[in-house]
Amino acid sequence: MTQELPEEEIQVNFNSYFDNFRLNVIYPTINVTKSLDKNTSVTGSYLVDAISSASMKTKFQVDGITSATTNKYGGADDTPDELRHQVSLGVTRNFSDVTVSANGMYSTEHDYSSRTFTANISIPFAKKNTVLQLGYAGNFDKIFPQTRTWTKDRTTNSFNFGLTQILSKKIVTQLDFSLTNVDGYMLDGYQVVRIVNGFFLKTLEPVTPEKRIRKAAGIRTNFGISRLSTILLGYRYYWDTWDIRSHTAEAQFKTHLTENLNMIFSYRQYIQTRAYFFKEIYTEVEPLMAVDSKLNSGYTNDVSLGFSYKGNKENRIPVLNNEKLTFLGSIGFYHRHTDSPDWAMRMNDLYAYLISLGFKISI
Amino acid sequence: MKLFYFFILFLFAALSGCAVVQPWERERLSDPNMMFDENPIQKGIKEHYINIREGSEGGNGSQGGGCGCG
Amino acid sequence: MKKIHLALLILFLPFLIFAQEKGKPAPEFSGKTAGGETVSLSDFKGKVLVVDFWASWCRPCKEGFPFLIELYDQYSDKDFSVLGINLDEDVKNMTAFIKKLGKEVKFKNISDPDSKIGNLYKVEGIPTTLIIDKNGVVKFITVGYDPGEKEKFKSEIEALLKE
């Protein structure tokens, strides 16, 4: 008995993101999966992020540093516009029932570089009614913002434990626990803290603790409610040493509209508390200061609708009748509310739209 | 330690409460819609934009489920 | 800690189900084809028989199905036959699969929607393929489909045909 390997295919996606914080991102991805032999499969992927945001460079300056002394790694003069390239290569191998996979990823842009290594093992028990998954991810980042003179490092070690359990002919559930240890610089490098005490005093770089231990536990269950439809319900609890606690609830409805057309509707709701050192306004210089909205308390709502259409001979339209092709498309809406306005955009609510189009071709 | 007990409890609930589903009885489970994260690439894209905007990470599970028949 | 080990042992006990064994007589069964014809194992007495448990939703089963056609075409002029046991819940899926295959399937396939025969044979996974000798004894069992094992499979059949 052996496990099934991922299907041999090329997948291409054109993704886009637009929000009311004037951030636009276009990110095409290409992914190739190929089997080397009956037990080994390799995957390579390439992603480009083309980011354009509002001209806000002046907002990123801190006292005592002029633009003449800042890092120069390209990018337009007045914006942090950038291109990010990401390549990854992975291998999956079956050893009888046990599946082992390893993946390496490198990502680079003009002010950031990142290396990630992941390793996973999945071990089935009890006629594959139970599958145990263990994973490790190591991540090594370098941050060198254009508007600063320094280069800083961040190291992340993450361990994951998962258990997938078939409960009945129609129900499957998954339990997941992850532990992440982060050391080093944990901000994006561009944010600034304005010290205001009746009148404006100065702008400084934010400072966070150099260590963060992050834990999350989640459970998801998939119910086959009819021959054509399934409902997934999920919940996750997260807690860390910066005092952020969060709850995430997720629901997905998937259905085969026709033999070849599949639809996924998903809804996700998220709520979090703020980091213990986060403040809306700093009136004096403090040892720890942060303005990043993701460290603020708030909630988010996320809705998306996706379709996939499998090419088939019955279809008379050219291309759509190619059995090797599957077409993918989705639209999404994301809303984030923070309990105080964002440090740069001065708004509490972020509204984002996501559109993705793609296809898969069997090789 | 609490979590460990939670895990053991889950194991009991999961394994003792239900009969084994035989490999040839997984017709419904083999439907791609019954899989968790049947498209890991799209999941990765979604996690990326969410991780930039929210203060939490991890615990999102891994790809799993499916036929498990052979 | 000992208690936990004991608990785990008890937990996994229900999974220790014993599969059909080599060297033992194949239990009798009968079932209906999509056309309504009743077929029994005893109908094949005196022949070397390949029995394949499969389902249209199982990827390795689909990959292995053409090999069954190949076997039937190669050996059916001798004392040999193939019998498919389809485990789809709906017999329509079986006929749709065979139709889509685009090849003529000359051997019989019986439908076992409630997995009665599957349970009787306690198969470990699908596809499970058995070779039963002329005396009705199970001589060979393989789970899953491995194209690399085709020749080995054929030599098992040839050896049994000579007996």
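**Notebook: low-confidence stretches, helix α2(C) and the sheet of chain C**

I looked first at residues 66–70 of chain A, where pLDDT (the predictor's confidence in each residue, from 0 to 100) stays under 50 and the model has 6 contacts beyond four places in sequence; two residues are in contact if their C-beta atoms, placed from the backbone, lie within 7 Å. This is a predicted model, in which local features need pLDDT of at least 70 and side-chain atom pairs count only at pLDDT 80 or more, while totals for chains, interfaces and linings use all residues. Residues are numbered from 1 along each chain as its sequence is written, with chains lettered from A and ligands numbered from 1 in the order in which they are written.

I noted pLDDT under 50 also over residues 72–80 of chain A, with 20 contacts beyond four places in sequence. Where pLDDT is low, the predicted coordinates should not be read in detail.

I then checked helix α2 (residues 59–75) of chain C; helices (H or I, at least four residues) and strands (E, at least two) are DSSP runs, numbered from the N terminus. The end C-alpha atoms of α2(C) are 26 Å apart, which agrees with the 24 Å that its 17 residues should span at 1.5 Å a residue, the expected span being 1.5 Å times one less than the number of residues.

I turned to the sheet of chain C: 7 strands form an open, mixed sheet in the order β2-β1-β5-β4-β3-β6-β7, where strands pair if DSSP finds at least two bridges between them. Its edge strands are β2 (38–40) and β7 (138–143). I found 3 bridges joining β1 (residues 30–33) of chain C to β2(C), antiparallel, with Gly31(C) opposite Val39(C).
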